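Q: I would like a close look at one part of this molecule. Please take the charged side chains and the contacts they make.

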Amino acid sequence: MGRHSHEVEYEQMLLSRHEVLRHRSSSLDRSAYILLSRIRVQGPMSIGELSEAFALDTSTLNRQTAAAMRAGLVERIPDPEGGMARKFRITLRGARMLDEERDTIISGLDRVMADWSDEDIAAFASYLRRFNTDIERLAGRPWPRP
């Protein structure tokens with residue numbers, strides 16, 4: 001085992017369990033956070049577009065978007081480009097809650113990396129971006145970045 005992939009796997013598993021990056025009374029669950037993040041970056045999306053983007057079946061996306069609509073996080077609108085499918089757009093409430101959640105996560109990251117140099121943080125971000133974009137390339141599902 002010359003490669004250190006086993007170490008990466010273990011550290012990634014540990015990373016996913018840390019709540020310092022999210023407070024337990026989080027206003028958004030993980031699926032809503034990711035859904036809102038994607039719609040914010042890409043703009044209004046239909047169920048079919050969301051299904052393709054997340055590689056999830058439409059029934060799963062229907063449940064997630066219905067919950068987001070009940071919470072006032074997204075709204076259904078006619079396709080701005082004149083297509084037949086209605087699209088989901090983030091609401092002002094959804095945008096505010098997404099910003100609050102992101103600020104909480106960033107605050108947690110700032111606490112964790114308080115003793116890191118700007119160069120170390122930039123290098124870490126670069127490696128994470130590379131890791132994610134390679135996963136996206138292999139899956140054939142690139143994630144738009146702002």
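A: What follows is a walk through the salt bridges, with a short look at other parts of the surface at the end.

Keep in mind that this is a predicted model. The count of salt bridges comes to seven. Three of the pairs are taken up here, one by one.

Start with Asp-99 and Arg-40. These two side chains form a salt bridge, and their closest N and O atoms are 2.6 Å apart. The cut-off for a salt bridge is 4 Å, so this pair qualifies. The partners come from distant parts of the chain. Asp-99 sits in helix α5 (residues 92-112). Arg-40 sits in helix α2 (residues 30-42). Along the chain they are 59 residues apart. How covered are they? Asp-99 has a relative accessible area of 35%, so it counts as partly exposed. Arg-40 is also partly exposed, because its value is 34%.

Now move to the strands. Glu-75 meets Arg-89 in a salt bridge, with 2.8 Å from N to O. This pair, too, links distant parts of the chain. Glu-75 belongs to strand β1 (residues 74-77), and Arg-89 belongs to strand β2 (residues 87-90). The two are 14 residues apart. Glu-75 has 30% relative accessibility and therefore counts as partly exposed. Arg-89 is partly exposed as well, because its figure is 37%.

The next pair is Asp-79 and Lys-87. Their side chains meet in a salt bridge at 3.9 Å, N to O. That is within the 4 Å cut-off, so the contact counts. Are these two residues buried or exposed? Both Asp-79 and Lys-87 are buried. This pair is also part of a network: salt bridges with shared partners join Glu-49, Asp-79 and Lys-87.

Next, a nonpolar part of the surface. Val-8, Phe-131 and Ile-135 form a nonpolar patch there. Together they have about 270 Å² of accessible area. Phe-131 is found in helix α6 (residues 118-139). Its relative accessibility is 44%, so Phe-131 counts as partly exposed.

Last comes the segment after α6, where Pro-146 lies. Pro-146 has a relative accessible area of 97%, which means that this residue is exposed. The C-alpha atoms of Pro-146 and Gln-42 are separated by 8.9 Å. Along the chain, these two residues are 104 residues apart.

Methods:
Residues numbered from 1 in each chain as written. Predicted model: local features only at pLDDT ≥ 70, side-chain atom pairs only at ≥ 80, totals over all residues. Heavy atoms only, no water. Patch = residues over 30% accessible without salt bridge, like charges linked within 9 Å, V, L, I, M, F, W, Y side chains within 5 Å. Areas by Shrake-Rupley, 256 points an atom, 1.4 Å probe, with all protein chains shown as cover. Helix = DSSP H or I, 4+ residues; strand = E, 2+ residues; numbered from the N terminus. Buried < 20%, exposed > 50% of the residue type's maximum accessible area, 1.4 Å probe, protein only.
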